[in-house]
Amino acid sequence: MSLRNAVMAALLDGAASGYDLAKAFDASVANFWMCTPQQLYRELDRMETDGLIEARTVEQERRPNKRLFSLTAAGLEALAAFTAEPHKPTAIRDELLVAVMAADSGDLEAVKASLRERKQWAEAKITRYERLKAKLLGERTEEEFLAEAERVGPYLTLLRGLSFERDNVRWCARSLTVLERRGARLDAPT
């Protein structure tokens, strides 16, 4: 998947500035696609050149003018074509997994510290995603939201992000328990 597909999907909610898109990525898309603001702005320029999006300038008083980006017909067609393609699962590339795999021969305390940090990070993301979920649902039940919402894709990807981070918390906790026991066993007098 390319960044441009994620940008086009984000623009399905309507026109947005680069700043708004960066915030949207941080709040929702970040659970499955990461990018820096610099990458985002470069991609917006390329997408405009390619005719996938168009920009209009909005004049503002007391603040710099901003550019609002929206999908073009070509952008909608490209996004539709992307959704029709077969999508392969992604491979996990995670340095922490390599460190855990090598923990028996490495710095066990550093690996445990990394696991604790990852667990805290995942817990913070769960809190943020739960707030976003509550905002999306409002006063509605999930069933009401799914029946009434114009778009359900953002909600479904949010559920995947929650599931992923909850699994990270469980795995980190289990790994810490195992490594604590292992460390205690190795430290025990013989």
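Which residue in S3 is the bridge partner of Ala 16? In this predicted model, the residue that pairs with Ala 16 is Phe 69 of S3, and this pairing offers a convenient way into the sheet to which both residues belong.

The sheet is open and is formed by 3 strands, which follow one another in the order S1-S3-S2 with antiparallel pairing. Its edges are strand S1, residues 16-17, and strand S2, residues 53-58, each of which pairs on one side only. Strand S3, residues 66-71, is joined to S1 by 2 bridges, and these two strands run antiparallel. Between S2 and S3 the pairing is again in the antiparallel sense, here over 6 bridges, and within this pairing Thr 57 has Arg 67 of S3 as its bridge partner. As a general point about such elements, the side chains of a regular strand alternate between the two faces of the sheet.

The loop between S2 and S3 contains Arg 62, a residue that deserves a look for its backbone conformation. Most residues other than glycine have a negative phi. Arg 62, although it is not a glycine, has a positive phi of about 65 degrees. Its relative accessible area is 87%, and since a value over 50% counts as exposed, Arg 62 is therefore an exposed residue.

On the other side of S3 in sequence, the loop between S3 and helix H4, which spans residues 73-84, holds Thr 72. With a relative accessible area of 15%, Thr 72 is buried, in contrast to Arg 62, which is exposed. The side chain of Thr 72 reaches the backbone oxygen of Gly 51 at a distance of 2.6 Å. When residues up to four places away in sequence are left aside, Thr 72 touches Gly 51, Leu 52, Ile 53 and Glu 54, and of these neighbours Ile 53 is the residue at which strand S2 (53-58) begins.

Before the sheet comes another loop, the one between H1 and S1, and Asp 13 lies in it. Asp 13 has a relative accessible area of 57% and is exposed. Although Asp 13 and Ala 73 are 60 residues apart in sequence, their C-alpha atoms lie 15 Å apart in space.

From this loop the description can turn to the helices. Two packed helices are described by the angle between their axes and the distance between the axes. For helix H1, residues 3-10, and helix H3, residues 37-49, the axes come within 10 Å and cross at roughly 85 degrees, and because angles of 65 to 115 degrees are classed as roughly perpendicular, H1 and H3 are described in that way relative to each other. On the H1 side the contact is made by Leu 3, Arg 4, Val 7 and Met 8, while H3 contributes Gln 39, Leu 40, Glu 43, Leu 44, Arg 46 and Met 47. By character, the residues of this contact divide into 6 nonpolar, 1 polar and 3 charged.

Further along the chain, helix H6, residues 108-137, includes Lys 112, and Lys 125 lies in H6 as well. How accessible is Lys 112, buried or exposed? Its relative accessibility is 4%, so Lys 112 counts as buried. Its side chain is joined to that of Glu 180 by a polar contact of 3.4 Å, and, residues up to four places away in sequence not being counted, Lys 112 touches Leu 176 and Leu 179 in addition to Glu 180.

Lys 125 can be read in a similar manner. At 7% relative accessibility Lys 125 counts as buried, and a polar contact of 3.2 Å joins its side chain to that of Glu 165. Lys 125 and Glu 165 are 40 residues apart along the chain, and their C-alpha atoms are separated by 7.1 Å.

A separation of 40 residues recurs for Leu 96 and Arg 56, whose C-alpha atoms are, however, 43 Å apart in space. Leu 96 lies in helix H5, residues 95-101, and counts as buried at 8% relative accessibility. Outside the residues up to four places away in sequence, the neighbours that Leu 96 touches are Ser 114, Leu 115, Arg 118 and Trp 171.

Terms used:
Residues numbered from 1 in each chain as written. Predicted model: local features only at pLDDT ≥ 70, side-chain atom pairs only at ≥ 80, totals over all residues. Heavy atoms only, no water. Axes fitted to C-alpha atoms, helices over the stretch in contact; angles between N-to-C directions. Helix = DSSP H or I, 4+ residues; strand = E, 2+ residues; numbered from the N terminus. Parallel < 35°, antiparallel > 145°, perpendicular 65-115°, else oblique. Contact = heavy atoms within 4.5 Å. Nonpolar A, V, L, I, M, F, W, Y, C, P; charged D, E, K, R; others polar. Buried < 20%, exposed > 50% of the residue type's maximum accessible area, 1.4 Å probe, protein only. Polar contact = N/O pair within 3.5 Å; in protein donor to acceptor, adjacent residues only side chain to side chain. Pairing = 2+ DSSP bridges.
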